[in-house]
Amino acid sequence: MKFRGKIIDIACLNHFTRVVTTISKLTKMCVLRLTPDNLFFVLSGKVANGGVSMWCELSQANFFDEYQMEGVSSEDNEICLEVTPENLSRALKTVQNAKAVKVKLTKKHCPCFTIAAELPTLSSVSRVVTHDVPVDVIPRRLWHEFKEPSMPDFDVSIYLPPLKTMKNIVDRMKNLSNFLAMTPPRMAARLRAGTRRAWWRPGWTSGGCSSSSWGSRSTPPRPCATSSIRASST
């Protein structure tokens with residue numbers, strides 16, 4: 001098995017770092033699946049037992065300027081690794097201003113993701129920072145557990161407010177209950193005017209109470225969220 005990649009574009013490096021950082025906040029361990037065209041971050045928890053499932057698919061051409069990999073065989077040209085996304089995120093955050101970042105799969109005291117970054121310098125002497133992130137190689141007999149999950153067809157699509165707005169509201173409610181329900185009201189019919197339409201402001205529920213509102217405007221504003229909180233004790 002071989003893997004080697006190189007990122008030169010700073011914007012691509014920052015974007016990849018943000019993706020890994022987001023994943024690190026969702027889970028302590030996940031599976032990184034490498035194929036010739038894509039990278040997959042997979043978490044296959046048992047949803048029925050309260051677990052969390054995650055499927056993140058990244059096209060390597062959108063991030064890497066150079067990308068080479070060889071799987072376990074020509075028939076199964078893939079590599080599956082168990083990684084700690086927090087360790088990978090920490091290593092990437094320290095090389096955000098690098099001229100170039102090389103990522104390769106190495107074997108030292110254990111299998112590792114080796115991240116080597118060439119940092120800018122005022123002198124003619126180059127500075128290279130290297131991070132070794134330990135990983136575990138997943139045997140081929142377990143690969144069937146990390147395939148793309150089947151998703152049902154969706155009947156409704158909801159345009160949510162900015163994620164920052166949602167995060168602020170959820171953070172205020174997290175100390176009130178272990179569960180938070182977000183319930184949309186019935187979708188109103190669009191207004192007859194060509195440019196006038198109904199805007200839905202999602203209702204937030206914590207402790208059994210929700211609030212929502214509708215409005216119509218000629219020029220739709222940015223959707224906002226209203227909140228209503230009811231705390232109860234037993």
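Here are some notes on this predicted model, arranged as numbered points.

1. **The chain as a whole.** Let's begin with the overall picture. The protein chain has 234 residues, and 35% of them count as buried. Its secondary structure comes to 3 helices and 14 strands. Taking contacts between residues at least 6 apart in sequence, 54% join residues at least 24 apart. The chain exposes about 15400 Å², and carbon and sulfur atoms supply 50% of that area.

2. **Salt bridges in general.** Side chains of opposite charge can pair when their charged atoms come close. How many salt bridges does a search of the whole structure find? The search finds 6, and the next three points look at some of them.

3. **Arg33 and Glu78.** The side chains of Arg33 and Glu78 meet in a salt bridge, with 3.0 Å from N to O. Arg33 lies in strand 2 (residues 30-34), whereas Glu78 is in the loop between strand 5 (66-70) and strand 6 (79-83), so the pair ties together parts that are 45 residues apart in sequence. Are these two residues buried or exposed? Both Arg33 and Glu78 are buried.

4. **Arg90 and Glu86.** Here the salt bridge has its closest N and O atoms 2.7 Å apart. Both Arg90 and Glu86 lie in helix 2 (residues 85-93), 4 residues apart, which is about one turn of the helix. Arg90 counts as exposed because its relative accessibility, 53%, is over 50%. Glu86 is partly exposed, with a relative accessible area of 40%.

5. **Lys108 and Asp132.** Lys108 forms a salt bridge with Asp132, and the closest N and O atoms are 2.9 Å apart. This pair links distant parts of the chain: Lys108 sits in the loop between strand 7 and strand 8 (111-119), while Asp132 is in strand 9 (residues 127-134), 24 residues apart. Lys108 counts as partly exposed at 45% relative accessibility, and Asp132 is partly exposed as well, at 35%. While we are on charge pairs, salt bridges that share partners join Arg33, Glu78 and Lys147 into one network.

6. **Lys6, a buried lysine.** You may like to look at Lys6 in strand 1. What is the nearest side chain of opposite charge to Lys6? That side chain is Glu66, 4.3 Å away. Lys6 is buried yet has no salt bridge, because a salt bridge needs a side-chain nitrogen of Lys or Arg within 4 Å of a carboxyl oxygen of Asp or Glu. Leaving out residues up to four places away in sequence, Lys6 touches Phe64, Asp65, Glu66, Ala100, Val101 and Lys102.

7. **The positive patch.** Lys2, Arg4, Lys102 and Lys104 form a positive surface patch. The elements that give two or more residues to this patch are strand 1 (2-7) and strand 7 (100-107). Arg4 belongs to strand 1 and is partly exposed, with a relative accessible area of 47%.

8. **The nonpolar patch.** Which residues form a nonpolar patch on the surface? They are Val156, Ile158, Leu160 and Met182, with about 320 Å² of accessible area together. Val156 lies in the loop between strand 10 (136-137) and helix 3 (163-173). At 55% relative accessibility, Val156 counts as exposed.

9. **Leu13 in helix 1.** Now for a buried nonpolar side chain: Leu13 is found in helix 1 (residues 10-24), and its relative accessible area is 1%. Not counting residues up to four places away in sequence, Leu13 touches Ile7, Leu92, Val95, Gln96 and Val101. The C-alpha atoms of Leu13 and Phe64 are separated by 8.6 Å, although these residues are 51 apart along the chain.

10. **Gln60 in a loop.** Gln60 lies in the loop between strand 4 (53-59) and strand 5. Is Gln60 buried or exposed? With a relative accessibility of 14%, Gln60 counts as buried, because that value is under 20%. Setting aside neighbours within four places in sequence, Gln60 is in contact with Pro36, Asp37, Asn38, Leu39 and Tyr67.

Notes:
Residues numbered from 1 in each chain as written. Predicted model: local features only at pLDDT ≥ 70, side-chain atom pairs only at ≥ 80, totals over all residues. Heavy atoms only, no water. Patch = residues over 30% accessible without salt bridge, like charges linked within 9 Å, V, L, I, M, F, W, Y side chains within 5 Å. Areas by Shrake-Rupley, 256 points an atom, 1.4 Å probe, with all protein chains shown as cover. Lys, Arg positive; Asp, Glu negative; His and termini not counted. Charge placed at Lys NZ, Arg CZ, Asp CG, Glu CD. Buried < 20%, exposed > 50% of the residue type's maximum accessible area, 1.4 Å probe, protein only. Contact = heavy atoms within 4.5 Å.
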